[in-house]
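Work through the exercises below with the sequence and the structure in view. Each task is followed by a solution in steps.

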Amino acid sequence: MRTVFRAASNAVPRLVRYGATKEGGGQVVRAVTPELAKIIGSDSSTFRNAVSQVWVYIVDRKLQDPQDRMMVSPNEELKAVFPGHDKIGASAVSLLCNAV
């Protein structure tokens, strides 16, 4: 069984900072925060693509804990996106992207 998390209709995630710019295929392209834009390399993205690009960034820079691959130790650029987190669980990355 798959669980889908959706924000309340009146809640606006920070990933949706400047609003929708294009719709299509069930994905909405939205403007992202400047900190996240440095990580993913684009000023706008779908949520799915943003999470995917964050994972590419994490894997390329070997930020996963070698003892526990389910934990991520953010570097300074990633800490700017997720402030206040010294360790991030792998399952929390997408939830934190939604809160950015």
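**Exercise 1.** Does lysine 62 count as buried or exposed, and at what relative accessibility?

*Solution.* The model is a predicted one.
Step 1. Locate the residue: lysine 62 is found in the loop between α2 and β4.
Step 2. Apply the cut-off: a residue is exposed when its relative accessible area is over 50%.
Step 3. Lysine 62 has a relative accessibility of 71%, so it counts as exposed.
Step 4. Check the backbone: the phi of lysine 62 is positive, about 50 degrees, although the residue is not a glycine. Most residues other than glycine have a negative phi. Along the chain, lysine 62 follows α2.

**Exercise 2.** State how many helices and strands the protein has, and in what order the elements run.

*Solution.*
Step 1. Count the elements: there are four helices and five strands.
Step 2. Read from the N terminus on: the order is β-β-α-β-α-β-α-β-α.
Step 3. Add the overall values. The protein has 100 residues, and 33% of them are buried. Its accessible surface is about 6,800 Å², and carbon and sulfur atoms hold 50% of that.
Step 4. Consider contacts between residues at least 6 apart in sequence: 24% of them join residues at least 24 apart.

**Exercise 3.** Compare the length of α2 with its expected span, then find which of its residues are buried and where they lie around the axis.

*Solution.*
Step 1. Helix α2 covers residues 47-60. Its 14 residues, at 1.5 Å a residue, should span 20 Å, and the end C-alpha atoms are 20 Å apart, so the two values agree.
Step 2. List the buried residues of α2: Ala50, Val51, Val54, Tyr57 and Ile58.
Step 3. These residues cover an arc of only 115 degrees around the axis, and therefore lie on the same side of α2. An α-helix has 3.6 residues a turn, so residues three or four places apart point the same way.
Step 4. Turn to the other side of α2, where Arg48 and Asp60 are exposed.

**Exercise 4.** Describe the surroundings of alanine 50 and of serine 45.

*Solution.*
Step 1. Alanine 50 is in helix α2, and it counts as buried because its relative accessibility is 1%.
Step 2. Apart from neighbours within four places in sequence, alanine 50 is in contact with Leu36, Ile40 and Ser45. From alanine 50 to serine 94 the C-alpha distance is 8.9 Å, with their positions 44 residues apart in sequence.
Step 3. Serine 45 belongs to strand β3. With a relative accessible area of 5%, serine 45 is buried.
Step 4. The side chain of serine 45 makes a polar contact of 3.2 Å with the side chain of asparagine 49, and it also reaches the backbone nitrogen of alanine 50 at 3.3 Å.
Step 5. Leaving out residues up to four places away in sequence, serine 45 touches Val28, Val29, Arg30, Val32, Ile40 and Ala50.

**Exercise 5.** Which residues have the most contacts inside the largest nonpolar core, and which helix gives the largest share of this core?

*Solution.*
Step 1. The largest nonpolar core has 19 residues, and those with the most contacts inside it are Leu36, Ile39, Ile40, Val54, Ile58, Leu78 and Phe82.
Step 2. At least two residues of this core come from each of α1, α2, α3 and α4.
Step 3. The largest share, five residues, is supplied by α2.
Step 4. Take leucine 78 as a case: beyond its neighbours within four places in sequence, leucine 78 is in contact with Ile39, Val54, Tyr57, Ile58, Leu63 and Val72.
Step 5. Set this beside a general tendency: in soluble globular proteins, nonpolar side chains tend to be buried together.

**Exercise 6.** Is aspartate 65 buried or exposed, and which side chain does it join in a polar contact?

*Solution.*
Step 1. Aspartate 65 lies in the loop between α2 and β4.
Step 2. Its relative accessible area is 18%, so aspartate 65 is buried; the cut-off is under 20%.
Step 3. The side chains of aspartate 65 and lysine 87 are joined by a polar contact of 3.5 Å.
Step 4. Not counting residues up to four places away in sequence, aspartate 65 touches Met71 and Lys87.

Definitions and conventions
Residues are numbered from 1 along each chain as its sequence is written. This is a predicted model: local features need pLDDT of at least 70, side-chain atom pairs count only at pLDDT 80 or more; totals for chains, interfaces and linings use all residues. Side-chain values use heavy atoms; hydrogens and water are left out. Buried means under 20% relative accessible area, exposed over 50%, partly exposed in between (1.4 Å probe, protein chains only). Contact means heavy atoms within 4.5 Å. Accessible areas come from the Shrake-Rupley method with a 1.4 Å probe; for residues, only the protein chains shown count as cover. A polar contact is a pair of N or O atoms within 3.5 Å; within protein, one must be able to donate a hydrogen and the other to accept it, and residues adjacent in sequence count only if both atoms are side-chain atoms. A nonpolar core is a set of buried Ala, Val, Leu, Ile, Met, Phe, Trp, Tyr and Cys residues joined through side-chain atoms within 4.5 Å. The expected span of a helix is 1.5 Å times one less than its number of residues. The arc is that of the directions from the helix axis to the C-beta atoms.
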